[in-house]
Amino acid sequence: MPSIRGHNLLIIGGSAGIGAAVAKLAAAEGVNVAIASSNPDRVATTIKILKETLLNANITGYVCDVSQADTEQQLEKLLTDVTAALGAPLDHIAYTASFLEFKPVSAVTMEWITQTSGHLPFNVPALLGKVAPRFLRRAPTSSLVFTGGRITDKPIPGLAILAGWATALTGFARSLAVEVAPIRVNLVSPGSTDTDHHGPPEVRGPKMAAVAKASLLGKVGKAEEVAEAYIYLMKDSNCTGARLAQRAAWQVIFGCTPTSDWPDCLSFFNHGLSFKGAYTFLSITMSIKPTHALFEINCRCLKICK
Ligand SMILES: NC(=O)c1ccc[n+]([C@@H]2O[C@H](COP(=O)([O-])OP(=O)(O)OC[C@H]3O[C@@H](n4cnc5c(N)ncnc54)[C@H](OP(=O)(O)O)[C@@H]3O)[C@@H](O)[C@H]2O)c1
């Protein structure tokens, strides 16, 4: 895999959770890292911790709130400031900012759907797609990495609107890859990952324990594990329009949801193979429709048991 040593990376949402883990891994690989988020104290604390952990790391922090109506201006200013300080274009931008508000469909309003629910999960990535290419080196070594979630494939009651935005982002990233080539555009789709995203410790602890119990592997993801997916997507100069999913193997649990998303099917088969026969696929049907513009593999896992 090509090295990313010396590359310039900006992580929007890099002061906590998955974004901070990406910052740490990238800095350890010799990448010049800039993190940005809305809370100045959080940015300063994370920079301090990363610098104490990685003594020679080149890490800088920026304050940028992308939750308001002036998001495009905020992004423009952030990218101008970061590239001016670097004296060079960026090689990669990872977007991991998150502040989610949930409402069941029965409680939504037009205003909430259009102005609130989709802002961080979709509107900001869309505006980044507009603004970022001018600040990225125009080469296949450059990349934009967005963040979705397993909600795209695995329904959770009460999260239908979020599932809609996450699914929209998947399609957006794939299409943007065509519009901004040779800059690459990819998406990481984490499963449940133990971060502040799940609330304060008293909420997060029991919630993560319950999710781990229900998962095949008996665990949830760690931010450092998920961060590896972003690093891979930055390194692989052949990879664009892709989605990498990490989900503690919920998809091979008995009674899993059928999916028609072909990269998932492939990862599904890879998982199955890597279990070296510990799991038996009782019934898998697979059909290839050659009439489709791109072929579609329709995979149905009817029953899997241990
Ligand atoms: N953790 C999971 O289980 C999980 C599962 C699936 C998908 N995801 C997705 O993975 C991504 C990262 O999640 P995470 O678990 O790392 O979340 P997290 O620990 O809560 O971190 C979120 C980051 O976003 C920043 N942020 C929040 N509001 C912002 C704003 N208005 N402007 C700029 N930055 C802002 C936060 O910093 P400030 O507070 O300083 O602004 C923080 O750095 C999100 O897209 C999330 O939806 C997470």
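Helices are DSSP runs of H or I with at least four residues, numbered from the N terminus. On that basis Thr167 is found in helix α6. The model is predicted.

The ligand shell was examined first. A total of 26 residues surround the ligand. The closest are Gly17, Ser37, Asn39, Ser98 and His197. Polar residues account for 16 of the shell, nonpolar residues for seven and charged residues for three. Helix α1, residues 17-28, gives the most to this shell, with three residues.

Helix α1 has 12 residues. From first C-alpha to last, α1 reaches 17 Å. This is close to the 16 Å expected at 1.5 Å a residue. The helix is mostly covered, with 10 of its 12 residues buried. Glycines Gly17 and Gly19 are among the buried residues of α1. So are the alanines Ala20, Ala21, Ala23, Ala26 and Ala27. Ile18, Val22 and Lys24 complete the buried set. Gly17 thus appears twice: among the residues closest to the ligand, and among the buried residues of α1. After α1 comes Gly30, with a positive phi near 85°. Most residues other than glycine have a negative phi.

Helix α1 packs with helix α2, residues 40-53. The angle is about 30°, and the axes are 11 Å apart. Because angles under 35 degrees count as roughly parallel, α1 is roughly parallel to α2. Their crossing is right-handed. Ile49 lies in α2. Around Ile49 there are 13 other C-beta atoms within 10 Å, so this residue is partly exposed. A residue needs 20 or more such neighbours to be buried. Ile49 and Lys24 are 25 residues apart in sequence. In space, their C-alpha atoms are 9.7 Å apart. Lys24 is one of the buried residues of α1.

A second helix pair was then considered. Helix α5 (residues 119-131) and helix α6 (residues 160-180) pack at about 15°. Their axes are 9 Å apart. That angle makes α5 roughly parallel to α6. The crossing of α5 and α6 is left-handed, whereas that of α1 and α2 is right-handed.

Contacts in space also link α6 to the loop that precedes it. Thr152 is found in this loop, between β5 (143-147) and α6. Thr152 counts as buried because it has 24 C-beta neighbours inside 10 Å. The C-alpha atoms of Thr152 and Ala163 are separated by 5.2 Å. Along the chain these two residues are 11 residues apart. Thr167 and Thr152 are 15 residues apart in sequence, and their C-alpha atoms are 5.2 Å apart in space. Thr167 has 17 other C-beta atoms within 10 Å, so it is partly exposed. Thr152 is thus buried, while its partner Thr167 is partly exposed.

A loop also runs between α6 and β6 (184-190), and Pro182 is found there. A cis peptide bond joins Ala181 and Pro182. Its omega is about 15°. Most peptide bonds are trans.

Helix α7, residues 201-214, has 14 residues. At 1.5 Å a residue, α7 should span 20 Å. The end C-alpha atoms are 20 Å apart, which agrees with that expectation. The number of buried residues in α7 is zero, so the helix lies largely in the open. Helix α1, in contrast, is mostly covered.

Conventions:
Residues numbered from 1 in each chain as written. Predicted model: local features only at pLDDT ≥ 70, side-chain atom pairs only at ≥ 80, totals over all residues. Near = placed C-beta within 6 Å. Helix = DSSP H or I, 4+ residues; strand = E, 2+ residues; numbered from the N terminus. Nonpolar A, V, L, I, M, F, W, Y, C, P; charged D, E, K, R; others polar. Expected span 1.5 Å × (residues − 1). Axes fitted to C-alpha atoms, helices over the stretch in contact; angles between N-to-C directions. Parallel < 35°, antiparallel > 145°, perpendicular 65-115°, else oblique. Left-handed = near helix turned anticlockwise from the far one by under 90°.
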